[in-house]
Amino acid sequence: MSKIKNNATINEEKININRNAIEHRATWTGLTYVEGVKAGLPIEGVIREAVSKTGAFHGSNYAAQVDDPSDVRNFEKVFLPELGLKTFEMDVVKSDGEELDIEFHYCPLLAAWQKQGFDDETCAKLCDIAMDGDRNIAKAMGYDFHLGKTIANGDDVCEVCFKKKK
(Lines give C-alpha, C1' and ligand atoms only; values in the text may rest on other atoms or scores of the structure.)
Protein backbone atom coordinates (compact mmCIF):
# COMPACT_ATOMS: atom_id res chain seq x y z
CA MET A 1 0.00 0.00 0.00
CA SER A 2 1.25 3.46 -0.87
CA LYS A 3 2.47 5.71 1.92
CA ILE A 4 2.00 8.76 -0.33
CA LYS A 5 -0.80 11.16 0.56
CA ASN A 6 -1.28 13.68 -2.25
CA ASN A 7 -4.78 15.11 -2.11
CA ALA A 8 -5.87 18.40 -3.61
CA THR A 9 -8.13 20.62 -1.54
CA ILE A 10 -8.57 23.48 -4.02
CA ASN A 11 -11.12 22.78 -6.74
CA GLU A 12 -11.31 25.74 -9.13
CA GLU A 13 -11.71 25.55 -12.91
CA LYS A 14 -8.57 27.53 -13.81
CA ILE A 15 -6.48 25.62 -11.27
CA ASN A 16 -7.79 22.27 -12.51
CA ILE A 17 -6.99 23.20 -16.13
CA ASN A 18 -3.43 24.07 -15.10
CA ARG A 19 -3.10 20.86 -13.08
CA ASN A 20 -4.33 18.79 -16.03
CA ALA A 21 -1.70 20.36 -18.32
CA ILE A 22 1.03 19.65 -15.76
CA GLU A 23 -0.22 16.09 -15.29
CA HIS A 24 -0.18 15.52 -19.04
CA ARG A 25 3.48 16.51 -19.30
CA ALA A 26 4.38 14.55 -16.15
CA THR A 27 2.71 11.47 -17.65
CA TRP A 28 5.01 11.72 -20.70
CA THR A 29 8.06 12.02 -18.51
CA GLY A 30 7.02 9.21 -16.20
CA LEU A 31 6.16 6.80 -18.98
CA THR A 32 9.35 7.68 -20.86
CA TYR A 33 11.34 6.91 -17.71
CA VAL A 34 9.56 3.61 -17.01
CA GLU A 35 9.75 2.41 -20.61
CA GLY A 36 13.43 3.41 -20.81
CA VAL A 37 14.20 1.46 -17.66
CA LYS A 38 12.31 -1.58 -19.05
CA ALA A 39 14.36 -1.34 -22.25
CA GLY A 40 17.59 -1.23 -20.25
CA LEU A 41 18.46 2.28 -21.39
CA PRO A 42 20.40 4.77 -19.22
CA ILE A 43 17.25 6.89 -19.25
CA GLU A 44 17.57 8.53 -15.83
CA GLY A 45 20.62 10.54 -16.85
CA VAL A 46 18.98 11.61 -20.11
CA ILE A 47 15.83 12.82 -18.39
CA ARG A 48 17.79 14.52 -15.60
CA GLU A 49 19.82 16.41 -18.18
CA ALA A 50 16.70 17.50 -20.05
CA VAL A 51 14.96 18.61 -16.83
CA SER A 52 18.13 20.42 -15.69
CA LYS A 53 18.29 22.31 -18.99
CA THR A 54 14.62 23.18 -18.65
CA GLY A 55 15.29 24.60 -15.17
CA ALA A 56 18.27 26.58 -16.45
CA PHE A 57 16.16 27.98 -19.29
CA HIS A 58 13.32 29.03 -16.98
CA GLY A 59 15.77 30.27 -14.38
CA SER A 60 17.41 32.60 -16.88
CA ASN A 61 13.95 33.90 -17.83
CA TYR A 62 13.15 34.55 -14.16
CA ALA A 63 16.53 36.24 -13.72
CA ALA A 64 15.74 38.58 -16.61
CA GLN A 65 12.47 39.59 -14.89
CA VAL A 66 13.93 40.19 -11.43
CA ASP A 67 15.16 43.73 -10.89
CA ASP A 68 17.33 42.95 -7.87
CA PRO A 69 18.09 39.24 -7.33
CA SER A 70 20.07 40.06 -4.18
CA ASP A 71 16.67 40.30 -2.45
CA VAL A 72 15.01 36.89 -2.78
CA ARG A 73 11.58 38.54 -2.34
CA ASN A 74 11.97 39.93 -5.86
CA PHE A 75 12.40 36.37 -7.18
CA GLU A 76 9.32 35.31 -5.19
CA LYS A 77 7.21 37.87 -7.09
CA VAL A 78 7.98 36.30 -10.48
CA PHE A 79 8.34 32.67 -9.37
CA LEU A 80 5.12 32.41 -7.36
CA PRO A 81 2.15 33.88 -9.19
CA GLU A 82 -1.28 33.12 -7.73
CA LEU A 83 -1.95 30.38 -10.31
CA GLY A 84 1.19 28.48 -9.29
CA LEU A 85 0.54 28.96 -5.60
CA LYS A 86 -2.94 27.48 -5.91
CA THR A 87 -1.98 24.74 -8.39
CA PHE A 88 0.54 23.25 -5.96
CA GLU A 89 -1.33 24.49 -2.86
CA MET A 90 1.78 26.29 -1.67
CA ASP A 91 2.35 28.27 1.49
CA VAL A 92 5.22 30.71 1.76
CA VAL A 93 6.67 29.85 5.16
CA LYS A 94 9.48 32.40 5.09
CA SER A 95 10.37 35.24 2.78
CA ASP A 96 12.81 37.72 4.24
CA GLY A 97 15.03 38.81 1.37
CA GLU A 98 17.69 36.24 2.23
CA GLU A 99 15.59 33.11 1.94
CA LEU A 100 12.35 31.86 0.41
CA ASP A 101 10.91 28.77 2.12
CA ILE A 102 7.87 27.19 0.51
CA GLU A 103 5.70 24.26 1.53
CA PHE A 104 3.82 22.42 -1.21
CA HIS A 105 0.71 20.59 -0.03
CA TYR A 106 -0.19 19.00 -3.38
CA CYS A 107 1.71 17.99 -6.51
CA PRO A 108 0.05 17.46 -9.90
CA LEU A 109 3.18 15.77 -11.24
CA LEU A 110 2.99 13.20 -8.48
CA ALA A 111 -0.76 12.83 -9.09
CA ALA A 112 0.01 11.91 -12.72
CA TRP A 113 2.52 9.26 -11.68
CA GLN A 114 0.12 7.84 -9.13
CA LYS A 115 -2.60 7.62 -11.79
CA GLN A 116 -0.19 5.58 -13.92
CA GLY A 117 0.12 3.13 -11.02
CA PHE A 118 3.82 3.76 -10.40
CA ASP A 119 5.09 2.42 -7.09
CA ASP A 120 6.29 4.75 -4.32
CA GLU A 121 9.96 4.21 -5.20
CA THR A 122 9.41 5.22 -8.83
CA CYS A 123 7.34 8.23 -7.76
CA ALA A 124 10.11 9.35 -5.39
CA LYS A 125 12.72 8.93 -8.14
CA LEU A 126 10.64 10.94 -10.62
CA CYS A 127 10.08 13.61 -7.98
CA ASP A 128 13.81 13.94 -7.41
CA ILE A 129 14.40 14.15 -11.16
CA ALA A 130 11.73 16.86 -11.44
CA MET A 131 13.45 18.82 -8.67
CA ASP A 132 16.52 19.10 -10.93
CA GLY A 133 14.48 21.79 -12.68
CA ASP A 134 14.14 23.78 -9.46
CA ARG A 135 17.76 23.14 -8.55
CA ASN A 136 18.77 24.73 -11.83
CA ILE A 137 16.34 27.61 -11.48
CA ALA A 138 18.12 28.37 -8.20
CA LYS A 139 21.50 28.06 -9.87
CA ALA A 140 20.49 30.45 -12.67
CA MET A 141 19.34 32.93 -10.02
CA GLY A 142 22.60 32.59 -8.09
CA TYR A 143 20.85 30.99 -5.10
CA ASP A 144 21.43 27.88 -3.04
CA PHE A 145 18.66 25.31 -3.13
CA HIS A 146 17.51 22.90 -0.46
CA LEU A 147 14.86 20.22 -0.74
CA GLY A 148 13.62 18.97 2.61
CA LYS A 149 10.60 16.75 3.11
CA THR A 150 8.72 15.52 0.04
CA ILE A 151 5.21 14.26 -0.47
CA ALA A 152 6.65 11.55 -2.74
CA ASN A 153 8.61 10.20 0.23
CA GLY A 154 5.45 10.00 2.35
CA ASP A 155 5.72 13.38 4.05
CA ASP A 156 2.74 15.73 4.40
CA VAL A 157 4.48 18.51 2.43
CA CYS A 158 7.35 19.25 0.11
CA GLU A 159 9.80 21.74 1.61
CA VAL A 160 11.61 23.86 -0.95
CA CYS A 161 14.10 26.57 -0.06
CA PHE A 162 15.81 29.15 -2.27
CA LYS A 163 18.52 30.96 -0.33
CA LYS A 164 20.83 33.81 -1.22
CA LYS A 165 24.43 32.64 -1.38
CA LYS A 166 26.64 34.08 1.34
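In what order do the elements of the protein chain run from the N terminus on? Reading along, you meet them as α-α-α-α-β-β-α-α-β-β. That comes to 6 helices and 4 strands in the protein chain. Keep in mind as you look around that this is a predicted model.

Let's start with the overall build. The radius of gyration of the protein chain is 16 Å, close to the 15 Å that the globule rule gives for 166 residues, so the chain is as compact as a globular protein of that length. If you lay the C-alpha trace along its principal axes, it spans about 45 × 35 × 25 Å. Of the 166 residues, 43% are buried. The accessible surface of the chain adds up to about 9,100 Å², and carbon and sulfur atoms own 52% of that. Now think about who touches whom: take the contacts with a separation of 6 or more, and 61% of them are between residues 24 or more positions apart.

Now head for the beginning of the chain and its helices. Two packed helices are described by the angle between their axes and the distance between the axes. Here, helix α1 covers residues 13–38 and helix α2 covers residues 43–65; their axes come within 9 Å and cross at roughly 155 degrees. An angle over 145 degrees counts as roughly antiparallel, so that is how α1 runs relative to α2. Which residues of α1 and α2 meet? On the α1 side they are T29, T32, Y33, G36 and V37, and on the α2 side I43, E44 and I47. Sorted by class, this contact has 4 nonpolar, 3 polar and 1 charged residues.

A bit further along, look at the loop between α4 (82–87) and β1 (90–95), where you'll find E89. Most residues other than glycine have a negative phi. E89 goes the other way: its phi is positive, near 50 degrees, and it isn't a glycine. Is E89 buried or exposed? With 8% relative accessibility, E89 counts as buried, since the cut-off for that is under 20%.

Next stop is helix α5, residues 108–115, where the buried residues are P108, L110, A111, A112 and W113. What covers them? The cover includes α1, α4 and α6 (120–141). After α5 comes G117, which has a positive phi, near 85 degrees.

Finally, visit strand β3, which takes in residues 143–147. Y143 sits in this strand, and it is buried, with a relative accessible area of 3%. Setting aside neighbours within four places in sequence, which residues is Y143 in contact with? They are P69, D71, V72, F75, A138, F162, K163, K164 and K165. One of these deserves a second look: K163 is 20 residues away from Y143 along the chain, yet their C-alpha atoms are separated by 5.3 Å.

L147 belongs to β3 too. Leaving out neighbours within four places in sequence once more, L147 is in contact with M131, R135, E159 and V160. For another pair to find on screen, try L147 and E121: these two are 26 residues apart along the chain, and 17 Å separates their C-alpha atoms.

Technical notes:
Residues numbered from 1 in each chain as written. Predicted model: local features only at pLDDT ≥ 70, side-chain atom pairs only at ≥ 80, totals over all residues. Heavy atoms only, no water. Axes fitted to C-alpha atoms, helices over the stretch in contact; angles between N-to-C directions. Helix = DSSP H or I, 4+ residues; strand = E, 2+ residues; numbered from the N terminus. Parallel < 35°, antiparallel > 145°, perpendicular 65-115°, else oblique. Contact = heavy atoms within 4.5 Å. Nonpolar A, V, L, I, M, F, W, Y, C, P; charged D, E, K, R; others polar. Rg over C-alpha atoms; globule rule 2.2 N^0.38 Å. Buried < 20%, exposed > 50% of the residue type's maximum accessible area, 1.4 Å probe, protein only. Areas by Shrake-Rupley, 256 points an atom, 1.4 Å probe, with all protein chains shown as cover.
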